[in-house]
Structure formats: C-alpha cells, structure tokens
Amino acid sequence: MTDKTPDGRRAANAPETFLLRTATTSKGERAAGFWARLGAAFAMFRNGKSITGLVILAFFVLVAIFADVISPYSPTKINPTERLKPPSPEHWLGTTHIGEDVLSQVIHGTRGVIVVGFLAAAIATVIAITVGVIAGYLTGWKSEALSALTNVFLVIPGIPLIIVVASIFEDPPLWAIAAVLGLIGWAWGARVLRAQTMSLRNRDFVLAARANGEPLRRIILVEMLPNLLALIAASFVGTVTAAILGLTTLAYIGVIPVTAYNWGTILNWASAQGAFQQNQWWWYLPPGLCIALIGVALSLVNFGIDEYVNPRLRSAGERARAMRKKGLDINDAVTAVRTDIATPTDSAATGEKATA
Amino acid sequence: MTAIQPPLTEPEVDALEVGTTATKASKGRSRIPWRFLGGRAAFYLFTLWAAITINFFLPRLMKGDAVSAYLARNRNVTPEAAESLRALLGLDTDKSLLQQYIDYWSHLLRGDLGVSLLHGLRPVTEVVGQALPWTIGLVGFATIVAFTIGTVGGAIIGWRRGSKLDVFIPITTFLNTIPYFWLGMLAIAAFAVNLRWFPIGKAYGVGVKPEWSFEFIGQVIHHGTLPVLTIVVASLGGWMLGMRNMMLTVLDEDYITVAQAKGMPNRRVLWGYAARNAVLPQIQSFALSLGFVVGGTIVMEMVFSYPGIGKLLLDATNAKDYALMQGVFLVITISVLIANVLADIAYAFLDPRTRQTEA
C-alpha cells in the first residue's frame, strides 16, 4: 500500500501561497500530471506476472466479442454425417455426438463465461466497496452491524445456496446467474477492505483532511479510495475466478439449462454422452483447458498485485538468489558474515550447513 | 524560578504488586474474556437465525411444489391423497406466513425436519444421518491430508526461498485453478477406465453389505482412493501458497534474525520460530475449510456418485423434495457455524492478541 497522499492538490481552505504555486502550472503539465496519476493508480499491474495475465485475459475477451466472426460454424449446427470425428482440417477440434463443431462451441462458450465472470465480479466489488469502506470508516454499532452482515454472507455456504436458488428459475438468464454469484461472493472483499479502511482511518493524511473539514464523501472517494485500489483490484480478480468456476460447475451439474452456451455446458454434454469413458479427448479437453488457462491468467494478475502490496514476496526470492550467486545461503545469514572474515571459507560454510 | 518546590509524594503502591506489562499479560491470560465470548456468541446466534430464516423462505419462493413433482412420478395417487400429502409436508397454504414460520421453528426445535418424498417418506433426519458419515469421512480425511502436506511443504518452500522448490507454487496454483469436476472426470478416464486401477464410482462395490469386515473396509478404501487423491491435488495449492507467503513475511521479522544470531540450529528456527508463527492464519482457514467439508464437495460426490450429503442435495433439488433440501442446507450451514466456533476458539487459544483487540 502506498501511504502518500495524492499531492499537488489544494485543500479547501489552504493558505493563499498554495494557490499562487498551483496557478503557475501550465495546462500541459496538468495533463501530464493526470496521466501520471492514472498510471500510478494502475501501478499494481505494472509487472511481468500481471501483464502476462492481462494479455491472456484480453485474448479471451476479444474471442468473446468476435465470437460470431471467428467461429467456423454455428455452435448448434447439426451434421449427421460427421459424428464424433477426431480433429481434422475441417473441424480443428473434432465434432460432438450429433456433429456439432467443438471449436465453434468453445469460442461461443467464451462469451457466457466472460460476461458472467465480469458482471458477477463487478456486482460483488461494488457491494464489497460500499459495505467494507463504510463499515471501516464508521465506528460503533453501525460498523458492527455491517460487519455482522458481512460475516453472515461469509458463513452461508455458497454453492449449495446457488443450487437451491437456481432451481427457483425455470430458465435463468445470464444476468440472473451473474447477480446470484455476485451477491454470494462479495463478503470476503468487504472484510479485507474493512480491515484496511480501519487502519487508514487514523493515518495522518485522513486526520488532516477531516480537520480541514472535507466532506465524508470526499474523504472516502479522494483520500482513501486510491489507497485501497490494490485491494479492490485483488478482490475483483478473485471474484472473477470464483464466478467463472461457479458458473462452469453449475452448468456442468446441470443446474443451469443447457441453452446458454458456456464451457461447463459443453462438458456437461461430453460427460452425459460418455466422452470421458470413450476417450473422445477432443471433446472434453479443450473446454477444461480454457477454464484452467483463464484461471491461471487471473492468478497471475493476483500474484502481481500481491507482490505489489507485499514487496517481500518478490524481494525475498530475489535476495536469496543474489546471495546464492555469491555462494552464500540466506538461512545462514549470520554465519555467512563470519566466514567472509575467516580464511577457510568453504570448510566453515559446509560445516555450518551440516549441523543445520 | 519558584521558591517553593512541591513536595515529591511517594506513590503508596507495591511495585511487585503492580508488576510490569508482562505480569499483567500473564495475569490476564487466566481471566476469561467474557466480552469477547459474548460478542461471538451473539454473532453466531444471529447467523444461525439468518440461515434458518433463509432456509424457511427458499422453498416458498420456488415454482412448482414437491407434491406436483411427486404426482408426476407416481400416476395412481388420488387427489385426496395429494391433499393430505400437502398437509403432511406443511405445504397447505391456508395458514398465514407468520403461522407457518412459527410452526417451522417449533418443528425444528423438536428435531423434526419433516419427511422426504424422494426416500419413501422416511424422516429427513434419518436420510441425512445416513449420508453424513460418508461425506465427513472421505472429505474430512482428504482435507486433513491436503492441509498437512500443503502447510509443511509451504513452510519448506518459504524457508528455501529463491531455490528450485519455488517451481511448486505455479504448479499447485495451476491445479488449484482448474475446475474440480474436470480433474475428477480426467482421473476417472485415466485411472478407472483406461488403466483399471480403481473402480469408477460409488463408496463400495455392488453386493457388499456395509459391515465392519476387512472386505468391506478394503472396498471402501479402494473406492475412496481416487476421490481423496483428486481433492488433495486440487486443494493443495491454496494451503501451500498461503503458508509460503506467511513464511516470507515472518522470516523478515527481527526475532528470526535474533534466533539465528544466537546460533540456534536452522531446524529449530524453521519449525519452532518461523513456521510456528506463520501457521496461525493457516489454522484458522483450516477450521473454516472443515465447515465446507460437508457442503463444498457436491461436485466430487456427483462425479464419483458417492453417497454423501452433496449428492443428496442435488437429488433433492432435481426432485423438488423441499423437506430434504431444507434439511441438507441446514446441516451444511450448522456445520460451517460449528467450524467457525472451533476456529475462533483455536485462534483465541493460540494468539492472545485476538482476545484483546477484537473484543
């Protein structure tokens, strides 16, 4: 977490000299400042792991948008002459038991997964920010009540509840599934945000803003939110993963009707038609691998954010590697200093390791 | 400068009696933190009430009722019989919602969860009680195995940071992100269908009677191996990553440096100092995951057609057997709550700071 206040901004009742200084900044500089600040807001994504994850994610989003253009066939086009064919130049990923093209189904299935994943995560994140930040900023019974609400949602088991709720609908539309997944998945993020807001509440810059008489809305939106961005991003990414796994699992179980195409539905059909028993790998491998790939991409993004929030996670490994290059072991930090002074370096170091 | 100095009053307290902050802490340990316990108890009662209320309203929101679904399956039921079935299941709608709610509570407090249409009108408690041991036994065992391997492995990976062992983190994370049902189906395809090492599903073979014999226990182990292995493989990553990240944070603490400076053997610094402190959050999430043992494995039980709680819930949902659905959901929620209580107790016991700050 960055502790610094967003600088270069004038408080409501700041002294006159402040105003003079800000008046000299030209328009161009101000624009650059805006972009720099925007860049700083997304600093948690500026590392190799996050960028790799985001690129994979962007690929799936593009596939979802242009599904109609890039899929070679219609996902539901039945072709009785081409049943259960292994991959061929006409059908890159083979065909199903009624001759549907698996590749087209996977491409079209991306849409449901992406839409539900992001919509559910957006709903969950909005609730998590609202409840978490307010519960963290307030004190007394209001904060306790919001915290109790969060804990109730944390404790109530999600998947069984979704199964029960989904059976209410005869034919649940995508947005309803996303809404239910979002309503169940916000509690964890709210809990983390509440804890962080409680620790921010008593930092100097927030106390200063309050002393200046800034309204609550401004304190939360302008002073606190930028410092919570990394946590918000992490909880968003976590919820996307959970929602995608939830959606595909529900589709596989058959709780969600098979008309809404997604990767779980394909696996449901494959499993029902015995593809796993008859080794029709082209049918059941691609959808599962796609879910795994999108899951890996999302965890990569989260690893990047984790390392930004807690730099020790990255630096610990790097420091250990740097020391090993010098022939030292990080766990023998104290003896290592001693062996540098003593002349019989190797025997001392190995002796130390043997006792360890 | 003032001429008259105020006389220095000697405080009339015994220094030994007052003691230092350390004596205060050791004294405080024996005191029972009533405020903390009271707050937690209130929270659990509130959650339990919320869960039971949700449980009451869910079936009433649904389209189609159990009796209609039952009639669709069994043609030769007279309308009178259908009406009495409705009355038996508490589905007659001439009572007000409040009255139904009160009735629901009074039945619940008497331990009466109704009867299951799907299982020939047997009491729900009996049906659930039959499925519960299978789920708890199999998934509980798998959770303990995954927790142990993951935590010990995570501690070692964190200790040997920057070494080749780091490669385990992306591998287990990958296994963690793939959907469980897919992993299970792949395992069945590879080890049960092609290699024929394990049976395809069920808890024991056809024609074997459940009894305490070596044959039956051998069957259960043979049938349970594949589900246990897949659960362990799928959940290992979370434990390992959590422990490793905590280790990296703890290893930077001053007391680790001090312990090493004192010349303690590495084994003792690793297990007695670093891992001991890093394991605290792990133990809390372990207790929480014990709660999800009962409800979190619906998919496993479906893939391996294992006769546990999750399969019961799925079958009940498909047949719209509300009494059974409510019963299963209640059992799942209560087990999560019990696990939370255990987590709280374990945490308060292991880490005195929680007793002081959270109260």
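User: Why does Glu307(A) count as buried?

Analyst: In this predicted model, Glu307(A) has a relative accessibility of 11%, and since buried means under 20% relative accessible area, Glu307(A) counts as buried.

User: What makes Glu307(A) and Lys49(A) a salt bridge?

Analyst: The closest N and O atoms of Glu307(A) and Lys49(A) are 2.8 Å apart, and the criterion asks for a side-chain nitrogen of Lys or Arg within 4 Å of a carboxyl oxygen of Asp or Glu, so the pair forms a salt bridge. Glu307(A) belongs to helix H13 of chain A and Lys49(A) to helix H3 of chain A, so the pair ties together parts that are 258 residues apart in sequence. The structure holds 6 salt bridges over all chains.

User: Why is Lys49(A) called partly exposed?

Analyst: The relative accessible area of Lys49(A) is 35%, and partly exposed covers what lies in between under 20% and over 50%, so Lys49(A) is partly exposed.

User: How do you know that Asp252(B) and Arg319(A) form a salt bridge, and why does the pair join two chains?

Analyst: For Asp252(B) and Arg319(A) the closest N and O atoms are 3.2 Å apart, and as the limit is 4 Å, the pair counts as a salt bridge. Asp252(B) sits in the loop between helix H10 (214-250) and helix H11 (254-261) of chain B, while Arg319(A) sits in helix H14 of chain A, so the pair joins two chains. Asp252(B) is partly exposed at a relative accessible area of 29%, and Arg319(A) is partly exposed at 37%. Between chain A and chain B the count is 1 salt bridge, and 2 residue pairs are in polar contact there, with both residues at pLDDT 80 or more.

User: Which helices supply the side of chain A that touches chain B?

Analyst: At least two residues each come from helix H6 (141-155), helix H7 (158-166), helix H11 (216-253), helix H12 (263-272), helix H13 (281-309) and helix H14 (312-325) of chain A. H13(A) gives the largest share of that side, 11 residues.

User: How many residues take part in the contact between the chains, and what is the area buried between chain A and chain B?

Analyst: Chain A contributes 51 residues and chain B contributes 55 residues to the contact. The area buried between chain A and chain B is about 4900 Å², with carbon and sulfur atoms giving 71% of it. Of the area that chain A buries against chain B, 13% is supplied by Val155(A), Arg312(A) and Asn331(A), more than any other three residues.

User: Why is Asn151(A) counted as buried, and what does it touch?

Analyst: Asn151(A), which lies in helix H6 of chain A, has a relative accessibility of 13%, and as the limit for buried is under 20%, Asn151(A) counts as buried. Leaving out residues up to four places away in sequence, Asn151(A) touches Arg191(A) and Phe43(B).

User: What makes H12(A) largely enclosed by the rest of the structure?

Analyst: Of the 10 residues of H12(A), 7 are buried, so the helix is largely enclosed by the rest of the structure. The buried residues are Trp263(A), Gly264(A), Thr265(A), Ile266(A), Leu267(A), Asn268(A) and Ala270(A). Their cover includes helix H3 (48-65), helix H5 (102-137), H11 and H13 of chain A, together with helix H9 (180-194) of chain B.

User: How do you know that Asn262(A) caps the N-terminal end of H12(A)?

Analyst: A side-chain oxygen of Asn262(A) lies 2.7 Å from the backbone nitrogen of Gly264(A), and because a polar contact requires N or O atoms within 3.5 Å, this distance meets the limit. H12(A) is followed by Gly274(A), whose phi is positive, near 75°.

User: Which residues have the most contacts inside the largest nonpolar core?

Analyst: Trp263(A) and Ile305(A) have the most contacts inside this core, which has 113 residues. A second, separate core of 15 residues includes Met243(B), Ile256(B), Met264(B) and Ala278(B). Beyond its neighbours within four places in sequence, Trp263(A) is in contact with residues including Phe60(A), Val106(A), Pro287(A) and Ile291(A).

User: Why does Ala50(B) count as buried?

Analyst: Ala50(B), found in helix H3 (residues 34-61) of chain B, has 12% relative accessibility, and as buried means under 20%, Ala50(B) counts as buried.

Key: Residues are numbered from 1 along each chain as its sequence is written. Chains are lettered from A and ligands numbered from 1 in the order in which they are written. This is a predicted model: local features need pLDDT of at least 70, side-chain atom pairs count only at pLDDT 80 or more; totals for chains, interfaces and linings use all residues. Side-chain values use heavy atoms; hydrogens and water are left out. A nonpolar core is a set of buried Ala, Val, Leu, Ile, Met, Phe, Trp, Tyr and Cys residues joined through side-chain atoms within 4.5 Å. Buried means under 20% relative accessible area, exposed over 50%, partly exposed in between (1.4 Å probe, protein chains only). Contact means heavy atoms within 4.5 Å. Buried area is the accessible area (1.4 Å probe) that two parts lose on being put together, summed over both. A polar contact is a pair of N or O atoms within 3.5 Å; within protein, one must be able to donate a hydrogen and the other to accept it, and residues adjacent in sequence count only if both atoms are side-chain atoms. Helices (H or I, at least four residues) and strands (E, at least two) are DSSP runs, numbered from the N terminus.
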